[in-house]
Amino acid sequence: MARRLEAAAGERFVRDELAELVSRAIGPCVAHDGLRLFGMNPVTGAVSFGFLHTFSPGLVRDQLYESYLGDDPFSPVDVARLPAPVGLIGGDERPDQAPPPRSPGRRRALEILTAHGAGCELRLLLRDGRGLWGLLSLLRSEGGRAFGPDDAERLSRISPPLITLLRRYATAGEPRTARPYLPAGVVIVGADNEVRSLTPEARAWLGEIDPAHGMAPEWMPMVSMREITLAARRHLIDPSAPAPVACSPAAFLGRRVAVHAQPLDADGTGDVAVMLQEATGDLLLPVFSAWHGLTARERQIVQHLHSGAAPKQIARSLSVSLHTVNTHVKTVFRKTGVSGRDELLATLGA
């Protein structure tokens, strides 16, 4: 299974093809009836792209409020705080890991699953020592065999190849040529988490990233706007929750898009402003460095290169030798797959 996932890491995927491939790969290991795979911004923890396979977009939408502002017992935020990054809803949970059977959050989570024909759900947070990379969720239909601890243990073992798959997807299709510039656009989302108004620039952005024109799934706009809005509301009341700053890779939308949201009132219950803009330069560099596996020193050097500094200036600034700087620069080129400084800066949108 790991070999199948690794072999697929360099392929090009359209719509929900990636979720279908992952479902076929892990099915012999953990049988399931539906799958969702979401990739995160490893710097902020915000969901940035995603794919579904026989997993209803309506179910995802219904789960979002409980995940961010309700009592979902295994929301991504809560799973991130567990020693083992696995959550099981409606299955054969271990007594020391499960929420109380009659807890409001558990009952509500089961009600949502049942409303969509599912009996249980198994969630795996994809994380390692360098950050949060994504979330894998499996469903089994109502009336079927429930997930159990053995399924959770087997699923947790496939985390490394899934992280590799998401990272390679996020770095595939890096734009090498300039796209027509689009100024930032703003969408206003109301208290009901529905779009109330948007600027002409935002309309241009929504047209640019319309799934009909690109590679993203058709359900993406509906779910993504709601998710970033709820993430902003949650972050306001819980600063330890993921910051609402997503960064979608070029392979997902055809161009790298930064989306960030901010409530317009003090308690986060009113309107939320969502901004869409190009993910370039300083806005892109942290997540670009994480996706490509750059070290802190390599990221520093890329920052200096982006600001226009020459290698000798970088060496003086960092109090290291010119040889050391050049070695780091070559490593950056290798990791990011570029042939030189000009191509690197073009990739960063400089």
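Where in the chain is the place of Arg15? In this predicted model, Arg15 belongs to the loop between helix H1 (2-8) and helix H2 (17-26). Its phi angle is near 55°, a positive value in a residue other than glycine. Arg15 counts as partly exposed, because its relative accessibility is 27% and the partly exposed class lies between under 20% and over 50%.

Arg15 also leads to a second loop, since it is one of the residues touched by Pro211. Pro211 is placed in the loop between helix H8 (200-208) and helix H9 (220-237). Apart from residues up to four places away in sequence, Pro211 touches Arg15, Ala216, Pro217, Glu218, Met220 and Pro221. Pro211 has a relative accessible area of 6% and is therefore buried. Along the chain, 39 residues separate Pro211 from Ala250, and the C-alpha atoms of the two are 13 Å apart.

Ala250 falls within the residue range of helix H10 (residues 250-253), and this helix brings the account to the aromatic residues. The structure holds 6 aromatic pairs. A pair of aromatic rings is described by the distance of the centres and the angle of the planes. Phe49 and Phe252 form one such pair, with 6.1 Å from centre to centre and 50° between the planes, an arrangement classed as tilted. The pair joins distant parts of the chain, for Phe49 is in strand S2 (residues 47-53) and Phe252 is in helix H10, 203 residues apart. Both Phe49 and Phe252 are buried.

Phe252 takes part in another pair, this time with Phe51. Here the centres are 5.7 Å apart and the planes stand at 85°, which makes the pair edge-to-face, because the angle is over 60 degrees. This pair too links distant parts of the chain: Phe51 lies in strand S2 and Phe252 in helix H10, with their positions 201 residues apart. Phe51 has a relative accessible area of 1% and is therefore buried. Phe252, at 2% relative accessibility, likewise counts as buried. Ring pairs join Phe49, Phe51, Tyr169 and Phe252 into a cluster.

Which loop holds Asn41? Asn41 lies in the loop between strand S1 (34-40) and S2. Asn41 is buried, because its relative accessible area of 4% falls under the 20% limit. When residues up to four places away in sequence are not counted, Asn41 touches Ala46, Ser48, Leu132, Val245, Ala246, Cys247 and Val287. A different kind of ring contact involves Arg36, which lies over the face of Phe38 at 5.4 Å from the ring centre.

The discussion now turns to a pair of helices. Helix H3 (residues 57-68) and helix H5 (residues 104-115) have axes that come within 10 Å and cross at roughly 170°. H3 is therefore roughly antiparallel to H5, a class that requires an angle over 145 degrees. From H3, the residues that make the contact are Leu59, Asp62, Gln63 and Glu66, and from H5 they are Arg108, Ile112 and Leu113. By character, the residues of this contact divide into 3 nonpolar, 1 polar and 3 charged.

A further proline, Pro161, is placed in helix H7 (residues 159-171). Pro161 is buried, because its relative accessible area is 11% and buried means under 20%. With its neighbours within four places in sequence left aside, Pro161 is in contact with Ala2 and Leu5. Pro161 and Arg256 are 95 residues apart in sequence, and their C-alpha atoms are 24 Å apart in space.

Two residues of higher numbering complete the account. His306 is placed in helix H12 (residues 296-306). Its relative accessible area is 24%, so His306 is partly exposed. In sequence His306 and Arg130 are 176 residues apart, and in space they are 23 Å apart, C-alpha to C-alpha. Ser319 lies in the loop between helix H13 (311-318) and helix H14 (322-336). Is Ser319 buried or exposed? Ser319 counts as exposed, because its relative accessibility is 67% and exposed means over 50%. The phi angle of Ser319 is near 60°, a positive value in a residue other than glycine.

Terms used:
Residues are numbered from 1 along each chain as its sequence is written. This is a predicted model: local features need pLDDT of at least 70, side-chain atom pairs count only at pLDDT 80 or more; totals for chains, interfaces and linings use all residues. Side-chain values use heavy atoms; hydrogens and water are left out. Rings of Phe, Tyr and Trp (its six-membered ring) pair if their centres lie within 6.5 Å; planes under 30 degrees apart count as stacked, over 60 as edge-to-face and the rest as tilted. Helices (H or I, at least four residues) and strands (E, at least two) are DSSP runs, numbered from the N terminus. Buried means under 20% relative accessible area, exposed over 50%, partly exposed in between (1.4 Å probe, protein chains only). A charge sits over a ring if NZ of Lys or CZ of Arg is within 6 Å of the ring centre and within 35 degrees of the ring normal. Axes are lines fitted to C-alpha atoms, for helices over the stretch in contact, and angles run from 0 to 180 degrees between N-to-C directions. Angles under 35 degrees count as roughly parallel, over 145 as roughly antiparallel, 65 to 115 as roughly perpendicular and the rest as oblique. Contact means heavy atoms within 4.5 Å. Ala, Val, Leu, Ile, Met, Phe, Trp, Tyr, Cys and Pro count as nonpolar, Asp, Glu, Lys and Arg as charged, and the others, Gly among them, as polar.
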